[in-house]
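Subject: The two-chain model, and what turned up in it

Hi,

Here is the structure I promised to pass on. Have a look at it first, and then read my notes below.

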Amino acid sequence: MIAAAVLLTSLNVCGSDIKIIANGSVKMDSISAHELRSVFLLQRRTLTDGSSAVPVLKTSGADHELFLKQYLDRSSDEMRIYYQGLVFTGKGSVPKQFNSDAEVVAYVAKTKGAIGYVSADTPTAGVKILVVAVAGSDSERILITRVEPAYPETLKQRDIGGIVRLRVTISAKGNVERVELLGGNPILAEAAESAVKQWVYASSHSQSVAEVSLRFESHP
Amino acid sequence: MHRRSIQLTLACLFVAISQISVLAQDFKLWNRTVQVHGFASQGFVYSSGNNWLTMNSTSGSAGFTDFGINMSSPLTDKLRVGAQLYDRNLGQLGQYHPSLDWGGVDYRFKNWLGIRAGKVKTTLGLYNDSQDLDCLHVFALLPQGIYPVDLRDTGIAHTGADLYGNISLGRRFGEISYTAFAGHHSDSIYSGFAYSSSQDGVMFRSIEGPQYGGDLRWNTPVKGLLIGASRMNEKITGKGSFMNPLFVPQPIPYRMSTEAYWRNQFYSQFKWRRLELAAEYRRYFNRFPCLPGSDVSTDARSWYVSGSYRIGKHLSVGSYYSHYTVTEVSGGIAALFIPTQTDTSLPRNHVYDKVVAARVDLNRYLYVKIEGHFMDGYGIGPFPNGFYPQQNPKGFAPNTNALVVKTGFHF
């Protein structure tokens, strides 16, 4: 029997109209909103995984305003004055800025540590997408429909069990869009992924990322 | 003529900038991106009661100009170099003697440790390092009790090094930013302190000395709330000459040196959407021997509360109340010449300033500010606070009202 031990750490992801892109040198696949903010406010030059962090902005546009509002809580004019404050006191330089998504993608692709943002439907060949996680006490997604994974007989008979950890991307509607293996036995993981893909969560205003742990115990 | 040429040149630049869009602010040099930025402002002051800030402001004065230009380049993802030149004229001060505002290198080892070396703007309180950057503020003049524009040079920068960094305390406890600095400061002989001393026959050639201190600020878990504290210790040695027709008809060498000189500053800022609130308290104390066996101690305490609000994309309004008091205690024989002043209710020992202001951003480069000051007192002492006997030879009126109109551009 499978122990119904599910550890859920839910994080909200904002900004469904834009996506955050990064140079391939950035090792992490997700970034916290706090860290992203620190990068663009030039308060840090390296990420928690040790990668360089070089912010890249757009000069104007709806995507630009949305990014600034959601992640930096500033308008474009306020952002410009913030950067000028650093420039005129000798404590920073204005990050690179571009007019179009294509230019942002091209620059991010060739610049070590570059992190930028483009509209959600922009082609992003050559760069990686970073999932932004916002930690919040009110961010738990409620699981409505849960499907138990099928314990592979061959492993069960041999008393092979363990914990499978998955990163689950949940759409605003509540469907599981993507499942990524974080750790665990590969055969158990296949069963876990197959079940989790059928889970249904309560709807929310934006996409979420959650970490799920499923325990397989042959003798509960 | 020199001043008029500069003002005319700036006026032409203002008109030009309002018509064109300045897009190119960087260029390549030896395959490195070099950024260029600049700013300039021109003000007009009219006052009733007293002449203010060494201007003949009771007749209206446009002697309120400053400008700067900088270049910087990130050489690697951790190393940056740059420099900024600055020049200004404020009434009888500044007089268009350009200076290096800041310049040097900045290397960020880790997020929690970086070093800046060269001439570095001093981090003290909310606005010490940016007090002369008019384009960054809603107000044409920051609270003069803490950021006196006539005494800009005292403590705004040092030649030395800073250690700085950000330390995250987690989502529950926010983030700490720190700066520790040490170096040498050299005040301009065209500043308010030197000008004020000149009325007593002292002509300074140099005003300088060591300076060290630190700043610690806490970005609290409450969104938009910042709390901080700063401390700076200095030693000032002034050298020059002294001449007084009554006592010393020929110039003789003059030297003064402070025995104690420190500042404490506490501050808080809250930003919420378009609203910004700030409050600061500063105390500075200095003591210097003036005659054998005697000394003079000055204790100046000031605080302000301010608020500003952004109405739409182009208009911001603001107001502040600034409270400045100064006491002076003379010891020994000095008391015969410099009477002790401890009654802060006297106009000569305080400046209480009520201010209302508005800023209009005409476009992303040009702005205009209009500001009213309603001042009670004139705070005259060893360190002046905006009011000088040279511009007020008939004595001081207890109150001063002033209108400041300022325009500027930045790129």
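In what order do the strands of the open sheet in chain A lie? They run 3-7-2-6-4-5, which makes 6 strands with mixed pairing. Strands pair when DSSP finds at least two bridges between them.

Some housekeeping before the rest. Residues count from 1 along each chain as its sequence is written, while chains are lettered from A and ligands numbered from 1 in the order in which they are written. This is a predicted model, so local features need pLDDT of at least 70 and side-chain atom pairs count only at pLDDT 80 or more, whereas totals for chains, interfaces and linings use all residues.

Chain A

Chain A holds 6 helices and 12 strands. Both kinds of element are DSSP runs numbered from the N terminus: helices are H or I with at least four residues, strands are E with at least two. Of the 220 residues in chain A, 34% are buried. Here a residue is buried if 20 or more other C-beta atoms lie within 10 Å of its own, exposed if 12 or fewer, and partly exposed in between, with C-beta atoms placed from the backbone.

Back to that sheet. Its edges are strand 3 (30–32) and strand 5 (96–98) of chain A; each has a single partner strand, so one side of each is left without a neighbour in the sheet. From one strand to the next, the twist averages 35 degrees. Strand 3 of chain A runs parallel to strand 7 (residues 128–133) of chain A, and 3 bridges join them. If you want a spot to click on, A:Ser30 stands opposite A:Val131 in strand 7 of chain A.

Two helices to look at next are helix 1 and helix 4 of chain A. Helix 1 (residues 33–40) of chain A packs on the sheet and touches strand 2 (18–22), strand 3, strand 4 (54–58), strand 6 (114–119) and strand 7 of chain A. The direction of helix 1 makes about 80 degrees with that of strand 3 of chain A. Helix 4 (residues 101–110) of chain A lies across strand 2, strand 4, strand 5 and strand 6 of chain A, at about 155 degrees to strand 6 of chain A. These angles run from 0 to 180 degrees between N-to-C directions, and the axes are lines fitted to C-alpha atoms, for helices over the stretch in contact.

On contacts: two residues are in contact if their C-beta atoms, placed from the backbone, lie within 7 Å. In chain A, 74% of the contacts with a separation of 6 or more are between residues 24 or more positions apart.

The domain assignment, which is automatic or from a database, splits chain A into domain 1 (18–133) and domain 2 (141–216). Their C-alpha centres lie 32 Å apart.

One residue to check is A:Asp73, in the loop between helix 2 (62–72) and helix 3 of chain A. A:Asp73 is not a glycine, yet has a positive phi of about 55 degrees. A:Asp73 counts as partly exposed because it has 14 C-beta neighbours inside 10 Å.

Chain B

Chain B has 3 helices and 19 strands, and 40% of its 411 residues are buried. Its C-alpha trace spans about 65 × 45 × 45 Å along the principal axes.

Strand 14 (residues 275–291) and strand 15 (residues 294–311) of chain B run antiparallel, joined by 16 bridges. Within that pair, B:Glu280 has B:Tyr304 as its bridge partner. The hairpin they form has 2 residues between the strands, and B:Gly293 takes a positive phi near 80 degrees there.

Strand 15 of chain B also runs antiparallel to strand 16 (residues 315–331) of chain B, through 17 bridges. This hairpin has 3 residues between its strands, and B:Gly312 in the turn has a positive phi of about 75 degrees.

Where the chains meet

The contact takes 20 residues from chain A and 26 residues from chain B. On the chain A side, helix 3 (residues 76–88) gives the most, with 7 residues.

Cheers
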